[in-house]
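This report is written for someone meeting the structure for the first time. Please look over the sequence and the model before reading on.

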Amino acid sequence: MIVRIMGEGQVKLDDAHFTELNKLDDELLDEMESGDEEGFRRTLGALLDAVRRLGTPLPDDALEPSALILPSPEASLDEVREMLSDDGLIPG
């Protein structure tokens, strides 16, 4: 699956990693719902770091359709809230 981190680029991520990523996504959703800004920052950073660590970066000139778009590390709680679906940032 191709994942885009806004402002950074795209990575190719094996579907096998989504169990780990969904756990972080669930934590992020809980922190957003409770308004835990500090927890939100920590978990968003951990989620994006995991995508970077587990994924393979695509070249800057590659323009593949992204199946998933994640916010930039600087995104506010309100900006991320607007991106959420009922399942969080990562469906499933």
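Which residues make the nonpolar surface patch of about 240 Å²? In this predicted model, the patch is made by M6, I69 and M83. M6 is found in the loop between β1 and β2, and with a relative accessibility of 38% it counts as partly exposed.

**Helix α2 and its two sides**

Helix α2 runs over residues 37-54 and has 18 residues, and the distance from its first C-alpha to its last is 26 Å, which is close to the 26 Å expected at 1.5 Å a residue. Buried in this helix are G39, F40, T43, L44, L47, L48, A50, V51 and L54. These buried residues lie on the same side of α2, because they cover an arc of only 155° around the axis. The other side of the helix presents a contrast, since E38, R42 and R53 are exposed there.

What covers the buried residues of α2? The cover includes two helices, α1 (18-34) and α3 (77-83), together with the strands β1 (2-5), β2 (9-12), β3 (56-57) and β4 (68-70).

T43 offers a closer view of the buried side. This residue is found in helix α2 and has a relative accessible area of 3%, so it falls under the 20% limit and counts as buried. When its neighbours within four places in sequence are left aside, T43 is in contact with L24, E27, L28 and E31.

**Salt bridges**

How many salt bridges does the model contain by the rule used here? The count comes to six, and the table gives three of them, each with the distance between the closest N and O atoms.

| Salt bridge | Closest N and O atoms |
|---|---|
| R52 with E8 | 2.6 Å |
| D49 with R52 | 2.6 Å |
| D78 with R81 | 3.0 Å |

In the salt bridge between R52 and E8, the closest N and O atoms are 2.6 Å apart. Because R52 lies in helix α2 while E8 lies in the loop between β1 and β2, this pair ties together parts that are 44 residues apart in sequence. Both partners count as partly exposed, R52 at 31% relative accessibility and E8 at 40%.

R52 also forms a salt bridge with D49, and here the partners belong to one helix: being three residues apart in α2, D49 and R52 are separated by about one helical turn. D49, at 45% relative accessibility, counts as partly exposed.

A similar spacing is found in helix α3, where D78 and R81 lie three residues apart, about one turn of the helix. R81 counts as partly exposed, with a relative accessibility of 38%.

Which residues are joined into one network by salt bridges that share partners? They are E8, D49 and R52. Within that network, R52 is the residue that pairs both with E8 and with D49.

Taken together, these details place helix α2 in two settings: a buried side that includes T43, and a salt bridge from R52 to E8, a residue in the loop between β1 and β2.

Technical notes. Residues are numbered from 1 along each chain as its sequence is written. This is a predicted model: local features need pLDDT of at least 70, side-chain atom pairs count only at pLDDT 80 or more; totals for chains, interfaces and linings use all residues. Side-chain values use heavy atoms; hydrogens and water are left out. Helices (H or I, at least four residues) and strands (E, at least two) are DSSP runs, numbered from the N terminus. The expected span of a helix is 1.5 Å times one less than its number of residues. Buried means under 20% relative accessible area, exposed over 50%, partly exposed in between (1.4 Å probe, protein chains only). The arc is that of the directions from the helix axis to the C-beta atoms. Contact means heavy atoms within 4.5 Å. A salt bridge is a side-chain nitrogen of Lys or Arg within 4 Å of a carboxyl oxygen of Asp or Glu. Patches are made of residues with over 30% relative accessible area and no salt bridge: like charges are joined within 9 Å, nonpolar side chains (Val, Leu, Ile, Met, Phe, Trp, Tyr) within 5 Å. Accessible areas come from the Shrake-Rupley method with a 1.4 Å probe; for residues, only the protein chains shown count as cover.
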